[in-house]
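Please look through the structure shown here before reading on; the paragraphs that follow take up its parts in turn.

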Amino acid sequence: MQETIRILMTDDHPMIIEGYQNTLLSTKKESQEIDIDIANNCDESVNYMDKASNSDHPYDILFLDISLPPSKDGKMNSGEDLAKYARSVLPEAKIIILTMFNEPYRVQNILKTINPEGFLIKSDLTSSELASAFQAILFRPPFYSGTVNSIIKKTITSDIVVDSINRKILHLLAQGIKTKSLIDHINLSMSAIEKRKKQLKILFSVGDSNDESLLVEARKNGFI
Amino acid sequence: MFRFISLIVCLVVGLNLSAQNTSDDTSLDSIQFLRTKSKNKNFEMSERIIFAKRAVVLSKETSVDSTILKSQRNLAYLYLITRDYEQFRDINYKNIKLAYKLNDSISMAIVNNSLGWYHYTEQQNDSAYQYFYKATKLFSKLKKNQLLFETLINMADIQETEKDYIGSEATAIRAIKLSKTLPETEKNLNRLWIFYNLLGVISGELHLLDDAIDYHHKALEICNKMDNGLDNRLYSNNNMAFIYRKKEDYKKSLTLYEDVLKTNNLFNIDPPFYALILDNIAYTRFLLEDTKTDEIEHLFNRAYKISDSVNDTSSLMAVSIDMSKYYRSKNQMDSALYYANKTYTIAKETNTNNVILESLLLKSNLEGGEAAKKYLSEHIKLSDSLLNNERAIRNKFAKIEFETKEIELQNEKIAKEKQQLMIFSGILIITLFLLYIIITQRAKNKELQFIQQQQETNEEIYNLMLSQQDKIDEGRAQEKRRISEELHDGILGRLFGTRLSLDSLNLSTKEEAIQTRSNYINELKSIEQDIRKVSHDLNTDFVSGSGYKDIIKTLIETQTAAYELKYSLENDNDINWDDISNKTKIHFYRIIQESLQNIYKHANANSVKISFQIKNNVICLMIIDDGSGFELSKARKGIGIKNITSRAKEIKGELEIKSEKDLGTSISIKVPI
């Protein structure tokens with residue numbers, strides 16, 4: 001029996017979508033019919049989703065990039081926002097996140113907020129992996145890239161418990177943002193931020209007040 | 001005689017006082033020596049005068065007024081003791097001028113006293129009084145009480161002589177008060193006796209007879225204190241007896257006269273006085289209506305004989321007039337007339353006016369008829385003229401005092417004016433001083449403000465440079481972000497897509513797949529191109545060194561736009577502005593700013609050329625305009641040029657300014673780096 005799998009791919013690089021298409025088409029099973037819609041930005045993606053939600057055949061799988069040109073109304077800024085939206089309009093659809101980002105903080109954030117059926121890091125990805133991931137997600141989700149798996153593993157095995165705000169602080173510091181500028185990114189007072197940094201330093205057994213050694217230690221433990 | 005000695009003492013005292021001023025100048029030594037010799041009593045008087053005269057001549061050669069005065073006063077003293085009064089007067093006239101010129105008060109006082117004394121002896125009482133008065137004023141001011149006291153005797157005497165009894169009384173009382181501050185020496189007691197005696201006589205003349213008796217009693221008390229008061233006691237008693245006779249207490253009067261007469265050896269001591277006492281006893285007894293007329297006449301005759309034999313006119317006049325009165329009452333008219341005539345003749349000879357008057361009255365009384373009328377009219381005429389004289393003299397005395405007082409008032413006024421002038425000039429000086437302080441303070445403040453302003457502008461430029469640096473840093477960061485994004489979003493994505501596609505095609509060997517693969521390989525080529533482009537972008541440091549150049553460019557652009565100047569800016573690209581110290585950059589900036597301002601203000605130029613060049617590690621800044629130029633020597637002191645000079649010095653630059661009229665100005669600064 002022929003089975004039609006409806007897919008929406010959202011990525012701003014046509015070359016990448018072409019890659020996905022090529023891979024899927026060449027590796028699909030005989031019984032599988034693949035119907036692909038392509039969106040190059042948030043607005044297009046939302047349009048397709050809205051249309052599909054009203055149709056008899058909504059999408060089975062959504063391919064979502066994280067960094068995307070934002071929507072014109074400014075509501076959608078990234079693949080994360082699109083994924084959240086998709087969860088509300090297309091609850092049945094499986095979501096595959098494909099991204100260049102491999103920092104533990106971002107990865108963990110995405111896992112937490114979206115909990116996607118597939119999480120693939122572009123730099124890890126080969127066409128065979130994509131093919132097997134596709135099949136796996138269709139029938140027994142989830143499927144995560146090796147990098148994602150190792151991040152999850154590191155966090156679980158670590159004795160250190162770091163809450164989300166502290167993770168964000170570490171993440172921002174790792175990006176080279178200065179402590180005094182952190183208040184622009186985190187809704188906390190300066191003294192609270194300083195306090196948290198002190199706690200982090202105790203947590204990671206970094207005696208001196210050098211931020212650099214804190215970041216080194218955090219990176220070792222997979223928090224950044 | 002007594003007064004003569006007192007004047008000598010006064011002159012010597014004065015000389016000793018002024019001798020304190022002796023200068024130790026050697027040229028004065030001979031003068032001093034001569035003066036000392038002239039005072040040496042071992043020499044003959046004529047020799048001493050010669051020494052003194054030579055001292056005067058030598059003194060005149062020095063042309064020092066004080067020395068001349070001293071020598072002349074020394075000479076005056078010698079003239080006095082040799083009684084050469086004419087010379088004494090002449091030299092004192094010279095001295096008084098010198099003393100006033102030198103404003104030497106003590107000399108002024110003493111010379112005035114000397115001249116007073118001279119006129120006094122010459123019986124020129126009004127002139128004498130004037131000099132004495134001036135002397136007393138000066139002595140009183142100098143607090144020379146002793147000398148003042150001595151001078152007052154002469155003054156009181158003159159006043160008494162001229163019948164200015166009230167004036168004389170005042171002078172005597174003043175002297176008596178003054179005597180309390182003086183030592184009670186024999187001489188001073190004698191002087192005091194003179195004053196009391198004078199007061200007694202004056203009171204008698206004024207018919208204040210009780211007062212007169214009191215004064216004479218006091219005079220007698222002084223005689224008791226004196227070691228040698230016999231003469232004075234005799235005179236006092238005689239005067240007292242005279243007052244009692246006036247009081248018509250003839251008995252008391254007679255007792256006193258007779259007491260005097262009992263004095264041992266009186267006849268030998270003072271024959272005229274003895275004669276006078278005899279006469280007084282005779283006349284008093286006659287007044288007592290003593291019946292022993294032969295005794296009275298005997299006394300009169302004896303008195304007359306004695307005074308006639310010693311030829312003492314005053315006692316002779318007194319005896320004659322008394323005898324005339326006596327004989328008139330005895331109706332022996334011939335004798336009476338004889339003595340009246342005798343009195344009149346002597347009085348006329350000696351100019352004793354009061355006696356003339358009395359004798360005229362007597363004569364008219366004795367003769368009767370036309371002669372009596374003639375004598376009476378003569379009497380009236382003389383007494384009128386005397387009265388007028390007395391009045392005139394009294395007026396003169398008053399006038400002298402008034403004038404002196406007026407001069408004093410004027411002096412006071414001048415002194416006051418001087419004081420006011422002093423206060424005024426003091427205030428003026430203080431005001432000027434304050435003004436000077438304010439002005440210098442203001443200048444200092446201005447300077448400080450200027451320095452502060454300079455610092456502020458320096459800071460401003462520094463901040464400008466810093467912000468420029470920030471901008472550069474920001475630009476760099478942005479560029480980094482842009483390249484990163486370009487790599488991440490563009491190239492990486494495309495590479496990934498291409499890899500994925502190639503990967504998927506890898507498995508296929510179909511003709512179609514081979515075709516597609518070659519497309520992807522071409523895609524890889526285009527990605528290569530893109531990477532090369534990014535690499536090139538990274539290689540060109542688009543911001544390096546542009547910071548300071550931009551600041552200078554902005555400065556020149558905005559300023560020349562405001563001044564409507566054309567400009568050209570050349571910057572040697574070999575200059576690495578980042579390596580040059582901020583100080584140098586700031587000063588370059590300010591020098592350019594200042595120069596542009598100067599060009600705008602003074603040069604009237606159309607265009608300006610600014611260039612930075614580097615050669616052998618020396619940066620040369622040139623600012624050349626095509627304006628009107630200026631004369632260097634005149635503009636040296638202008639603030640603009642001064643600022644440029646000081647700034648060039650600060651950065652150890654070599655400044656050269658060339659300017660020619662109508663050809664423009666060029667400024668070059670060479671700074672080693």
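Which residues touch the most other members of the largest nonpolar core? In this predicted model, that core holds 60 residues, and B:Phe195 and B:Tyr196 are the ones that touch the most other members. Helix α10 of chain B, which spans residues 186-205, supplies the largest share of this core, contributing nine residues. If residues up to four places away in sequence are left out of the count, the contacts of B:Phe195 are with B:Phe149, B:Leu152, B:Ile153, B:Ala156, B:Ala172, B:Ala175 and B:Ile176. Another core, made up of 51 residues, lies apart from the one around B:Phe195, and its members include B:Ala275, B:Leu316, B:Ala340 and B:Leu360.

The setting of these residues is chain B, whose 673 residues are buried to the extent of 43%, and in which 25 helices are found together with five strands. Among the contacts in chain B that have a separation of 6 or more, 63% join residues that are 24 or more positions apart. The area that chain B exposes comes to about 38,100 Å², with carbon and sulfur atoms supplying 52% of that area.

Turning to chain A, one finds an open sheet of six strands, arranged in the order β2-β1-β3-β4-β5-β6 and paired in the parallel sense. The edges of this sheet are taken by β2 and by β6 (143-144) of chain A, each of which has a single partner strand, so one side of each is left without a neighbour in the sheet. Helix α4 of chain A, formed by residues 104-113, packs on the sheet and touches β4 (94-99), β5 (118-121) and β6 of chain A, while its direction makes about 165° with that of β5(A).

At the other edge, how many bridges join strand β1 and strand β2 of chain A? Strand β1 (residues 3-10) and strand β2 (residues 32-39) of chain A pair over eight bridges, in the parallel sense. To pass from β1(A) to β2(A), the chain runs through helix α1 of chain A (residues 14-27), and the β-α-β crossover that results is right-handed. Within this pair of strands, A:Ile5 stands opposite A:Ile34 in β2(A), and A:Arg6 stands opposite A:Asp35 in β2(A). As a rule, the side chains of a regular strand alternate between the two faces of the sheet.

Definitions and conventions
Residues numbered from 1 in each chain as written. Chains lettered and ligands numbered in written order. Predicted model: local features only at pLDDT ≥ 70, side-chain atom pairs only at ≥ 80, totals over all residues. Heavy atoms only, no water. Pairing = 2+ DSSP bridges. Helix = DSSP H or I, 4+ residues; strand = E, 2+ residues; numbered from the N terminus. Right-handed = clockwise from strand over helix to strand, strands pointing away. Core = buried A, V, L, I, M, F, W, Y, C linked by side-chain atoms within 4.5 Å. Buried < 20%, exposed > 50% of the residue type's maximum accessible area, 1.4 Å probe, protein only. Contact = heavy atoms within 4.5 Å. Axes fitted to C-alpha atoms, helices over the stretch in contact; angles between N-to-C directions. Areas by Shrake-Rupley, 256 points an atom, 1.4 Å probe, with all protein chains shown as cover.
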